[in-house]
Amino acid sequence: MQFSYSRVSTYERNPLEYKLRYLEGLTTLPRYDPEDPLVVGTAMHELIQKNKDAIKQYLMSYPLVTDKHINEAIKLELLSKKALAVLPSTGKYEVTLSNQDYIGFIDMLVKNEDGTFDIWDFKHSNSIENYMKSAQLHLYKYYLEQTGRKVKHLRYLFIPKVRLKQKKTESEYQFRQRLKRAIDKDYQVTIKEVEYNPDKVIEWLASVKHALEAKEFPLNEDDPFWKYSPYRDYVEKGLTYNMVTLPENKRRKLTEVTRRKLWIYGAPFTGKTTFANEFPDPLMLNTDGNTSYVDAPVVAIKDEVTTTGRRTNRKFAWQVFKEYIDELEKKDNDFKTIVVDLVEDLYESCRLYMYDKLGIEHESDDPFKAWDEVRTEFLSNMRRVTNLDYENIVLISHEDSTKDILSRAGAKLTTFKPNIQEKVANKIAGMVDLVCRVVVEDNEHILSFKTTTTQFGGGRLSDLSVDSINLNYDELVDVYNTSLADSNKPKKRKQTKLEEPENEEPEQETPEKEEPTEETESVEEVEEKPRRRRKRRESTESVETAEDVETESAETSEPVEDEVEEEKPRRTRKRRARRTTEED
């Protein structure tokens, strides 16, 4: 088995990550961060090696290129030029050292005039002190000299990372101009000479022995790099990797309701929070501080402000909320109900957090993507809440009754819905079982489920037998249990009996008025009859008249052509009537 410096250093730093990365060969999804160390480091090495397509390759590593990727490409191009200015003009890049026990890659090997060699290693980092303590260059010298070559100098080339942040008052062009000026003036590459120490090689070989003999691989929570490790989610969120199995192809029998998810909204002071307090073992994630009359444990979701000397640090309420979701997902507690009170306050906290992250003051500052990014951030984390493995998830909102609609009769009707954007409300409604409105009528608190043109509500419970209940937890449980019992009953489909047309009895004929004679019949009446007859022939969906029924019930029906023949005498009478009128 071959060991590299990075492999052993990973074991020393965090044995669990060593196990996941090297022993189990676990791969992770790319994060597509513009400053991803692996992608940026590779691009920097390619630029130093004078690869003209290095910037293009960097950008092609991402499915979507944003302004941040362009800014990073500018940094890479300018800093690589500074690195090339101090490096020797001659040298061999990417020299591989390999034997049965060790493998390493020298970034640059330069041969001196006296036949000795200088080893260069490039680091795109600001952590100079940590790298100066590492055994990497010492191992390069040790294993290179075993091949018969003499090493004279060990050198690091440190290329600084630029951490400039765009100001809210700057345009993209202004920021990039400031970025170029700062790199030119304030950021310089650094060359550090390393004195060879054979003890570093011995310490490294001892670490190899420990890694080979290790039976347990504990997590080192003090590891500063673990926070950024791509393997963190697998451990902290309890994901099962490479162990996906499909369920048995068998329908589940629904015996009892084990989880309830509902969204409650209503006017202030209607008892929403008090009702949520009736649920078993609740934890309230509260945003408005109105928890004086409930005895459930409460977590305040608000901005956390700390000061260090003259510096003020602010943690946004949305960050606090996400940290509590992280903790609740571990399920290391005995709560049975999670209450989020209020949903619309969380949405506003999410907006403020995203404003700071995106460097904007309002979504309209970047209308092409800001609205979508805010909603995506909010809804993705609300989905984490509704997916929590607890008996009850209760979301609470105030109602919005400021919008009126007009009925068909022209009356003005007030609509009632949660106090949040309609697009967001529709998404949240799809995450819960029931959307309920709390109403106070004659001093009675009612929980209404119905959906009307004026009320936002409803749910996915099948056969919901009631439109409303008293604002009581036990009655809500009965609604769930009744719905479950009804859903387990076999469904009987209604069959429509089709009757043959010939078995139908003809409708009672309406006696027709006596047809006027030729002498008394007016011209208008005579002219109207052919039009009516043509209309009946042309329409295939018209209702049968008494005359049609009489024709169909006859033993022998006359063809359509005969009907046309009948019209000819009428047309004769029409002409006679006209002559009579003219003679008069």
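This passage describes selected helices, buried residues and salt bridges in a predicted model.

Among the buried residues, K272 is placed in helix α11, which spans residues 272–277. Although K272 is buried, it takes part in no salt bridge, and the nearest side chain of opposite charge, that of D341, lies 6.9 Å away. A salt bridge requires a side-chain nitrogen of Lys or Arg within 4 Å of a carboxyl oxygen of Asp or Glu, and the 6.9 Å separation from D341 is therefore too long to count as one. The side chain of K272 instead reaches backbone oxygens, that of A267 at 3.0 Å and that of G266 at 3.5 Å. When residues up to four places away in sequence are set aside, the contacts of K272 comprise I264, Y265, G266 and A267, together with I396, S397, H398 and V438.

A second buried position is V385, which is found in helix α14, covering residues 370–386. V385 counts as buried because its relative accessibility is 1%, whereas the limit for this class is under 20%. Beyond residues up to four places away in sequence, V385 touches F321, I325, V340, I393 and L395. One of these contacts, V340, is 45 residues from V385 in sequence, while the two C-alpha atoms are 8.8 Å apart in space.

The packing of helix α12 (residues 317–329) against helix α13 (residues 343–358) was also examined, and the axes of these two helices come within 7 Å and cross at roughly 115°. With this crossing angle, α12 is roughly perpendicular to α13. On the α12 side, the residues that meet α13 are A317, W318, Q319, F321 and K322, and their counterparts in α13 are L346, S349, C350 and Y353. Of the α12 residues in this group, F321 is also touched by V385, and K322 also forms a salt bridge with E377.

Side chains of opposite charge can pair when their charged atoms come close. In total, the structure holds 28 salt bridges. In the bridge between E377 and K322, the closest N and O atoms are 3.0 Å apart. This pair links distant parts of the chain, with E377 in helix α14 and K322 in helix α12, 55 residues apart. Both E377 and K322 are buried.

A further salt bridge joins the side chains of R163 and E35, with an N to O distance of 3.0 Å. Here too the pair links distant parts of the chain, since R163 lies in the loop between β4 (151–158) and α8 (172–186), whereas E35 lies in the loop between α2 (15–23) and α3 (37–48), 128 residues apart. R163 counts as exposed because its relative accessibility is 52%, while E35, with a relative accessible area of 35%, is partly exposed.

R176 and D67 form another salt bridge, in which the closest N and O atoms are 3.6 Å apart. The two residues belong to distant parts of the chain, R176 to helix α8 and D67 to helix α5 (residues 67–86), and they are 109 residues apart. With a relative accessibility of 19%, R176 counts as buried, whereas D67, at 43%, counts as partly exposed. Salt bridges also link R13, E17, R21 and D223 in a network.

Methods
Residues are numbered from 1 along each chain as its sequence is written. This is a predicted model: local features need pLDDT of at least 70, side-chain atom pairs count only at pLDDT 80 or more; totals for chains, interfaces and linings use all residues. Side-chain values use heavy atoms; hydrogens and water are left out. Helices (H or I, at least four residues) and strands (E, at least two) are DSSP runs, numbered from the N terminus. Buried means under 20% relative accessible area, exposed over 50%, partly exposed in between (1.4 Å probe, protein chains only). Lys and Arg count as positive and Asp and Glu as negative; His and the chain ends are not counted. A polar contact is a pair of N or O atoms within 3.5 Å; within protein, one must be able to donate a hydrogen and the other to accept it, and residues adjacent in sequence count only if both atoms are side-chain atoms. Contact means heavy atoms within 4.5 Å. Axes are lines fitted to C-alpha atoms, for helices over the stretch in contact, and angles run from 0 to 180 degrees between N-to-C directions. Angles under 35 degrees count as roughly parallel, over 145 as roughly antiparallel, 65 to 115 as roughly perpendicular and the rest as oblique.
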